[in-house]
Amino acid sequence: MARLPSSTVPASAQTVLTVASIMVAVVVAQALQHPLPDEMIHASDPWKSVRADPLGGGFESSFRTINRRSLLNCFDLNPYVEMTVDTAGPLSDTQNVTVTISGVVNPSDHDWIGVVSPSNASTSNCPDVAILILATGDTSELPLLCHYPVKFKLLKEDPGYLSCASSQCQVPGLFGSCLVKTCSASITFRLINIRTDIMFVLFTGGLQVPCVVDKAGPLPFANPKAPLYGHISSVDSTGSSMRLTWVSGDAAPQTVQYANGSIVTSTVRTFTKSNMCEPSAAADFGWHDPGFIHTAVMTGLLPSTQYSYQYGSQAVGLSPSTPFSTPPAAGDDMVTLIIFGDMGKAERDGSSIHYIQPGSISVIDAITTAVTGANVDFVFHIGDISYATGFLVEWDNFLELIRPVASRVPYMTAIGNHERDHPLSGSYYSGTDSGGECGIPYYNYFQMPTPAQDKPWYSLESGPIHFTIVSTEHDWKAGSEQYLWIQADLASVNRTRTPWVVYTGHRPMYSSYDSFYNDILPAVDTEYTDAIEPLLLAGKVDLVLAGHVHNYERLCAVYQSKCLVNSTKDTAGLDTYDFTTYAAPVQAVIGMSGFELDGFKSEVDVWSTVRISEYGYVGIQATRQKLLFEFMFVNMTVGDSFAIVK
């Protein structure tokens, strides 16, 4: 993988080199991309072919390319247009709002409604950041737009709009005829509390050359300081302390009430546009104020025990009381967990946003069912978390999406390329996959028990499993700080206390992924495999799990591309790997939880055992003698399963 460590580049040259790399990347992108027609909601991601890996792209809504254009008021071709909203506000924390457009003379499939926030967001031109036109893949010479819509819908999503099923006569003619007939449409948006007020804007001219027809609003939220989107995580391996993190529009410390009377006060942090890497979406048109991130550690808990918590303050209100469970302590006899990668988010109202992961809603709904109906101790999300990639309001969307799960059980994470990578920022790979976030939102929203903020690797034990969680986006070469940490961590495992070792990071060591771009920018960095695989063997790692590739693939117990142990059927017909004598870890790619699915090459490698391109998640249950692994489809049926015994 081509990379340029920032430590070797003079600071004065970094911005110039970053801009140059973006310009070169876009030239390649424009040569390779094949965008869909304007009227399609989703267009090919212009960056897909030029990111640090071929999986950094995906489908983005076409409106990303209009966000550098001037929002001109249209020449008045619709003098009868009226735009009404079914509420005068203020808005609740979650609310459906229907916008009705009437008086349209010539309905077009190029008419759409954008949700803009804050309502006073600038629509002036920003020619001084023209380079970011190229960075978004927009090669037009139009001036830049200084803000972007939160979401949008085409008016033709109302099935009667183009056919003018609901019409009104504006100019009657003779004998009951109508000289001017106008049409209408109604579109419903699901809005969540993002703290800043909302404006609805009606555009015509399509997604590529939009102009403003009308506006409705602003609509404020009833409580922009409300404490929202609480999620919990483990801080150690005892099961006796849990971190609760939430978002609020208020900077004053708040409290958590938990475990029948215990109280702890939050610490508060935030980040600003100046913390984002430049040039990028995050530092410019994608910025949205994150409010304040509150965090508090609940202590004095017992492992494997149910409690409840409530957070907030008198000034901003209290959250609902939420039940949660602590995980088993290290060395306990059993642990059950759910693990997956690359989920991201989508809009439940069908709106288009800049980066949609089409399987995310069905997967998180299936996981919610599993968590509420069974004893799940942990959830692990191993990289490519929200895919906000510089559009900061989408972190709120993601946190709201996972809340039914992450508020109840520890939601542990590993960092991925779409959280961290940016040229000359210290990431190991030099792609622009984070959209300029450079890990900052991720580190604030998901505070894992890591050595330091930009050293996002850690280990955790629960029940009979030792988890080693690494960052594939930071230096892992032999002799690097992370390499030495991995080596020491695996050597420190007490196999009497935790007989199983699970190693996980975002990028895989093996994959049968197939794409036109794979020969140019392969999904697997073989240098990573060559560097880390001997450590896994020396540490007798049992299971390796990764995402990044958007499908499910199970491997044998593999080392240096050779199967050292294959499964056999037990008496119940379950594929079973006998690790009584250790040989090598079983590996699996589990990036099938939201992003558009990837296919497989036709030639099957000897190490590839099972290949499935469907959405789902993985469930693991481990006792001291057996680790059971199940790949679950979103309909809650088992797609693949195996066991490791020792």
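**Exercise 1. Classify C178 and its disulfide partner by exposure.**

Task: Determine whether C178 is buried, partly exposed or exposed in this predicted model, and characterise the disulfide that joins C178 to C169.

Solution.
Step 1. The relative accessibility of C178 is 33%. Buried requires under 20% and exposed requires over 50%, so C178 counts as partly exposed.
Step 2. C169 has a relative accessible area of 35% and is likewise partly exposed.
Step 3. The S to S distance between C169 and C178 is 2.2 Å. A pair of cysteine sulfur atoms within 2.5 Å is taken as a disulfide, and C169 and C178 are joined in this way.
Step 4. The angle about the S-S bond is 110°, and the link of C169 and C178 is right-handed.

**Exercise 2. Describe the disulfide of C164 and C183.**

Task: State the handedness of the disulfide formed by C164 and C183, and identify which parts of the chain the pair ties together.

Solution.
Step 1. The sulfur atoms of C164 and C183 lie 1.9 Å apart and form a disulfide.
Step 2. The torsion about their S-S bond is about -105°, so this disulfide is left-handed.
Step 3. C164 belongs to the loop between strand 7 (151–154) and strand 8 (167–172), whereas C183 belongs to strand 9 (residues 178–192); the pair therefore ties together parts that are 19 residues apart in sequence.
Step 4. C164 and C183 are both buried.

**Exercise 3. Assess the two ends of the disulfide of C556 and C563.**

Task: Decide for C556 and for C563 whether the residue is buried, partly exposed or exposed, and give the geometry of their link.

Solution.
Step 1. The sulfur atoms of C556 and C563 are 2.0 Å apart, in a disulfide.
Step 2. With -95° about the S-S bond, the link of C556 and C563 is left-handed.
Step 3. C556 has 1% relative accessibility and counts as buried, while C563, at 23%, is partly exposed.
Step 4. A search of the whole structure gives four disulfides.

**Exercise 4. Analyse the packing of helix 7 and helix 8.**

Task: Establish how helix 7 (residues 481–491) and helix 8 (residues 526–538) are oriented, and which residues make the contact.

Solution.
Step 1. The helices pack at an angle of about 15°, with axes 10 Å apart.
Step 2. Angles under 35 degrees count as roughly parallel; helix 7 and helix 8 are therefore roughly parallel to each other.
Step 3. The crossing of helix 7 past helix 8 is right-handed.
Step 4. Helix 7 contributes Y483, I486, Q487 and L490 to the contact, and helix 8 contributes A531, I532, L535 and L536.
Step 5. By class, the residues of this contact comprise seven nonpolar, one polar and no charged.

Notes. Residues numbered from 1 in each chain as written. Predicted model: local features only at pLDDT ≥ 70, side-chain atom pairs only at ≥ 80, totals over all residues. Heavy atoms only, no water. Axes fitted to C-alpha atoms, helices over the stretch in contact; angles between N-to-C directions. Helix = DSSP H or I, 4+ residues; strand = E, 2+ residues; numbered from the N terminus. Parallel < 35°, antiparallel > 145°, perpendicular 65-115°, else oblique. Left-handed = near helix turned anticlockwise from the far one by under 90°. Contact = heavy atoms within 4.5 Å. Nonpolar A, V, L, I, M, F, W, Y, C, P; charged D, E, K, R; others polar. Buried < 20%, exposed > 50% of the residue type's maximum accessible area, 1.4 Å probe, protein only.
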